[in-house]
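Subject: Handing over the structure

Dear colleague,

I am passing this structure on to you, and I would be glad if you could look through it alongside the notes below.

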Amino acid sequence: FNLQLWNNYFHLAVAFITQDSLQLENFSHAKYNKIQNKYGDMRRLIGFAIRDMWYKLGQNKICFIPGMVGPILEMTLIPEVELRKATIPIFFDMILCEYQRTGEFKKFENEIILKLDHEVEGGRGDEHYMQLFESILTECACQYPGISNLVESFVSLVKGLLEKLLDYRTVMNDESKDNRMSCTVNLL
């Protein structure tokens, strides 16, 4: 097992699918259709490959927690539904991996909260992501009764944070100082 090789693979793949030139939702409708018809959405293809390779790591997954939490989060925030559905379960696998090793998943939790703040501030994330994140992780947790309560608490925490971050991002363009201050206090 070559940790650096795998680490390079994951970082390169995430950098590929998050590059600006592949963010199809930012293009005009005509350009979007032309690219879709000619090439398809390469982000989905690479995202599925990342997912498949993650699950092939076996017991070596722990080596990538918390280091890969940020890049995986960045990938799951791409506004492409199938990509999100396929890759959000990686988070539960990370939780499970850390929990089985240490009896908790604090490293994962701390890292995702830190990175989520950065990503949402950068303009990523939306209500749909929040709903998918909640439903997928809750569904995954149901299969593991021993940690389902911990995962549900974590999901609730992340959902609340994401709601506040999205509100904050929205009101930053608002001219009302009261709205901005209220949102800032809620976030804090």
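What follows is a short account of what was found in it, by topic.

Please keep in mind that this is a predicted model, in which local features need pLDDT of at least 70 and side-chain atom pairs count only at pLDDT 80 or more, whereas totals for chains, interfaces and linings use all residues. Residues are numbered from 1 along each chain as its sequence is written, and side-chain values use heavy atoms, with hydrogens and water left out.

Salt bridges

Side chains of opposite charge can pair when their charged atoms come close. With a salt bridge taken as a side-chain nitrogen of Lys or Arg within 4 Å of a carboxyl oxygen of Asp or Glu, the count comes to 10. Two of the pairs belong to helix α7, which covers residues 106-121 (helices being DSSP runs of H or I with at least four residues, strands runs of E with at least two, both numbered from the N terminus). Lys-106 is bridged to Glu-109, with 3.7 Å between the closest N and O atoms, and these partners are three residues apart, about one turn of the helix. Lys-106 is partly exposed at 43% relative accessible area, while Glu-109 is buried at 14% (buried means under 20%, exposed over 50% and partly exposed in between, with a 1.4 Å probe and protein chains only). The other pair joins Glu-111 to Lys-115 at 3.6 Å, N to O, and its members are four residues apart, again about one turn of the helix. Here Glu-111 is buried, with a relative accessible area of 18%, and Lys-115 is partly exposed at 29%.

Salt bridges that share partners also link Glu-25, Asp-41 and Arg-43 into one network. Arg-43 is in helix α3 and, at 2% relative accessibility, counts as buried. The Arg-43 side chain makes polar contacts with the side chains of Gln-23, at 2.9 Å, and Asp-41, at 3.0 Å; a polar contact is a pair of N or O atoms within 3.5 Å, where within protein one must be able to donate a hydrogen and the other to accept it, and residues adjacent in sequence count only if both atoms are side-chain atoms. Leaving out residues up to four places away in sequence, Arg-43 touches several others, including Ile-17, Leu-22 and Ile-78 (contact means heavy atoms within 4.5 Å).

A cis peptide bond

Most peptide bonds are trans. The one from Ile-65 to Pro-66, however, is cis, with omega near 10°, and Pro-66 is found in the loop between α3 (42-55) and α4 (69-76).

Cysteines

A disulfide is a covalent bond between the sulfur atoms of two cysteines. With the cut-off for a pair of cysteine sulfur atoms set at within 2.5 Å, a search of the whole structure finds zero disulfides. For Cys-63, the nearest cysteine sulfur is that of Cys-97, 8.6 Å away, and Cys-63 is partly exposed at 44% relative accessibility. For Cys-140, the nearest cysteine sulfur is that of Cys-142, 9.0 Å away, and Cys-140 is buried, with a relative accessible area of 17%.

With best regards
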